[in-house]
Amino acid sequence: MTPMYWPDFIYHNFTDKGKDHLKLLEILHKFTRRVIEERSADFDPINFKATKRIAFLDMLLKARSDDNSLTFDDIQEEVDTFMFEGHDTTTSGICSAIQLIGSHPEVQAKLHEEIDQVFGSSNRPLKSDDLGELKYLECVIKETMRLYPPVPFVSRSITEDQVVAGYKLPKGHSASVLTYMVHRDERYYPDPEKFDPDRFLPENSENRPYFAYIPFSAGKRNCIGQRFAMMEEKVILANLLRKYELKAMKTMDEINLVANLVLRPTNDMLIKLTKRF
């Protein structure tokens, strides 16, 4: 907000915040550079097609080896986005889910039943195959992101004139889509303020339009890490719910979520944990 800090030369060389910014950025870049270099050393483009499940980084390295269409810096920017873009958004989604689960005992009881069916009384680590069995947990996460999408709006540049609902959107301008309100459209979500994970059971969501649910945006510029984010939330919530019962000590209104690029609470979110076993 201070015009004299807008030039990078002044901000990075003559302010403490600017100097700290460069130091922290270098830590992040060193990490992703090491990941890329280690993978690049083992990457074999000849055996690329023989792999059924292709890692994101391998796809980028393959594009670079084919025709040099991607530089090392291009790859690093994509890896930076994948590895760091999601930490705030995923945290927001997990916190909102914990709050809602702790506020709805009937939902939590179903989650504990499902988790106990998968793990029983064992203490074994959660495996990737277990994630597919936690179907109700996935519904809970999806319903959480419907009510409280971590990124509550997205913006796009308009590349050609468009007419939407009788209104002309001219080329060269920007349009913002308020995800928070899209997810409250009563045509697709009756009683939209109600927390109801059953909305995302297959029989209740099969005829829902694709663009009626866009927590990760949609189209060609949707979130590249959405599957990873879903897996991460499932792992953390499943491990938490295996061991504890959750009780929210505040309502969502008292926490007061606000849209600051990412949906964040302005007040402390207090959760009481009680050991299950």
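Lys110 is partly exposed in the predicted model, with a relative accessibility of 41%. This lysine forms a salt bridge with Asp198, in which the closest N and O atoms are 3.8 Å apart. Lys110 lies in helix H6 (residues 105-119) and Asp198 in the loop between helix H9 (179-182) and helix H10 (202-205), so the salt bridge ties together parts of the chain that are 88 residues apart in sequence. Asp198 also counts as partly exposed, at 24% relative accessibility.

Helix H6 takes part in a further contact through Asp116. Asp116 forms a salt bridge with Arg276, and the closest N and O atoms of this pair are 2.8 Å apart. Arg276 is located in the segment after strand S8 (271-275), and the two residues, 160 residues apart, link distant parts of the chain. Asp116 has a relative accessible area of 28% and is therefore partly exposed, since the partly exposed class lies between 20% and 50%.

A third pair consists of Asp185 and Arg187, whose side chains meet in a salt bridge with an N to O distance of 2.7 Å. Arg187 has a relative accessible area of 64% and is exposed, because this value falls in the class over 50%. Elsewhere, Glu138, Lys142 and Lys234 are joined into one network by salt bridges that share partners.

In the whole structure, the search finds 13 salt bridges, among them the pairs Lys110 with Asp198, Asp116 with Arg276, and Asp185 with Arg187.

Key. Residues numbered from 1 in each chain as written. Predicted model: local features only at pLDDT ≥ 70, side-chain atom pairs only at ≥ 80, totals over all residues. Heavy atoms only, no water. Salt bridge = Lys/Arg side-chain N within 4 Å of Asp/Glu carboxyl O. Helix = DSSP H or I, 4+ residues; strand = E, 2+ residues; numbered from the N terminus. Buried < 20%, exposed > 50% of the residue type's maximum accessible area, 1.4 Å probe, protein only.
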